[in-house]
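Here's a quick briefing to read alongside the model. Have the viewer open and follow along by topic.

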Amino acid sequence: MNRLSLTLALALVAGGAGGAETELWRLDCGQIAVRDINAFSDNFAYSPGPRTLTDSCYLVRHDKDYLLWDTGLPAALLKAPTDPAAAMSPSLGQVLPAQLAEIGITPGQIGRIGISHGHFDHTGQAADFPQATLLIGAADWEGMGQTPPPFGFDPAALDHWRTGGGKVDPVRGDRDVFGDGSVVMLSAPGHTAGEMALLVRLEKTGPVLLSGDVVHFRDQIKAGSVPPFNESRADSLASVSRIEEIARNLKARLVIQHDPADIALLPAFPESAR
Ligand SMILES: [Zn+2]
């Protein structure tokens with residue numbers, strides 16, 4: 001092993017410990033009122049009835065660099081009334097730049113946006129961060145260019161990058177974002193072909209695993225249930241297994257981004273986890 005690869009290996013084992021400082025904020029990116037939660041089940045797993053899902057985004061600080069993980073529902077849904085007749089009714093309470101301002105961060109300071117997958121409730125406010133490099137699963141980036149695009153994709157949300165106005169970095173397999181093991185995008189296809197989760201290693205809190213939409217709420221794991229609109233049932237179940245095993249092996253806190261009880265595992269904004 002040469003010196004460079006030894007250094008890299010040691011950094012990955014250490015998981016950034018003793019290196020860069022990482023910090024994690026949970027941001028409000030809206031909510032989705034679901035008329036019948038079995039809209040997320042292909043095997044009738046749940047008692048029929050409504051449920052409200054959160055739409056959460058996350059800000060990660062790595063020393064002086066910032067990564068925004070997911071960009072939530074579009075600002076066009078700000079204060080949108082809930083439609084009880086709709087199968088899913090999304091609404092946004094506050095936009096990302098206003099929340100970032102509360103902790104003294106401007107959109108221009110966000111160097112990277114990481115998108116868990118191409119669905120419209122994860123790409124909605126990306127255009128507010130035009131200078132950021134876009135990190136997205138390569139398969140979902142390719143999906144943005146398909147006619148018609150995959151279910152739930154809104155390619156227009158990423159037009160700035162699709163038309164060459166911004167830098168895109170399509171991710172194949174896993175990606176160690178800052179090169180020291182502290183923030184790692186984990187390939188977990190199935191919900192979409194390019195779905196990703198995010199591992200963030202924090203010094204005091206320990207490792208945190210942000211789910212993307214590998215899973216939408218806690219009881220989905222036990223039920224072995226898959227949303228019928230997922231790209232692949234088999235890949236979805238395999239990816240849930242991978243995420244659960246990683247959480248167990250690293251003793252990481254799995255935070256399911258659409259589950260209101262789960263996101264409460266992290267401090268309420270503007271507090272952060274370190
Ligand atoms: Zn999704």
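Let's start at Asp259, which sits in the loop between strand 12 and helix 8 (260-263). Keep in mind that this is a predicted model. Asp259 has 22 C-beta neighbours inside 10 Å, and the cut-off for buried is 20 or more, so Asp259 counts as buried.

**Around Asp259**
- Leaving out neighbours within four places in sequence, Asp259 is in contact with Thr54, Phe217 and Arg218.
- Thr54 is 205 residues away from Asp259 along the chain, yet their C-alpha atoms are separated by just 5.9 Å.

**The chain as a whole**
- The protein chain has eight helices and 12 strands.
- Its C-alpha trace spans about 60 × 40 × 35 Å along the principal axes.
- A compact globule of 274 residues would have a radius of gyration near 19 Å, and the 18 Å of the protein chain agrees with that.
- Of the 274 residues, 45% are buried.
- Take the contacts between residues at least 6 apart in sequence: 67% of them join residues at least 24 apart.

**The seven-stranded sheet**
- Seven strands make an open sheet with mixed pairing, in the order 4-1-2-3-5-6-7.
- Strand 4 (88-91) and strand 7 are the edges, each pairing on one side only.
- From one strand to the next, the twist averages 25 degrees.
- At the strand 4 end, four bridges tie that strand to strand 1 (residues 22-34) in the antiparallel sense, and Gln31 stands opposite Ser91 there.
- Further along, strand 5 (residues 110-115) and strand 6 are parallel and share four bridges.
- Strand 6 is also joined to strand 7 (residues 168-171) by four bridges, again running parallel.
- Ile136 is a handy residue to click on: Ile115 stands opposite Ile136 in strand 6, while the bridge partner of Ile136 in strand 7 is Pro170.
- Why is strand 6 (residues 133-137) described as largely enclosed by the rest of the structure? Four of its five residues are buried, so that description follows.

**The five-stranded sheet**
- Strands 8-9-10-11-12, in that order, form an open sheet of five, also with mixed pairing.
- Strand 8 (175-176) and strand 12 (253-255) are its edge strands, so named as each pairs on one side only.
- Strand 8 runs antiparallel to strand 9 (residues 183-187), with two bridges between them.
- Look for Arg175 there: its bridge partner in strand 9 is Met185.
- Helix 7 (residues 233-250) lies across strand 9, strand 10 (196-202), strand 11 (206-210) and strand 12.
- The angle between helix 7 and strand 11 is about 170 degrees.

**The nonpolar core**
- In soluble globular proteins, nonpolar side chains tend to be buried together.
- Here, the largest nonpolar core has 64 residues.
- Which residues have the most contacts inside it? They are Leu24, Tyr58, Leu68, Ile113, Ala197, Val200 and Leu210.
- Ile113 touches Leu68, another residue on that list.
- Beyond four places in sequence, Ile113 also touches Thr71, Ala126, Phe129, Ala132, Leu134 and Leu135.

Terms used. Residues numbered from 1 in each chain as written. Predicted model: local features only at pLDDT ≥ 70, side-chain atom pairs only at ≥ 80, totals over all residues. Core = buried A, V, L, I, M, F, W, Y, C linked by C-beta atoms within 7 Å. Buried ≥ 20, exposed ≤ 12 C-beta atoms within 10 Å, placed from the backbone. Contact = placed C-beta atoms within 7 Å. Pairing = 2+ DSSP bridges. Axes fitted to C-alpha atoms, helices over the stretch in contact; angles between N-to-C directions. Rg over C-alpha atoms; globule rule 2.2 N^0.38 Å.
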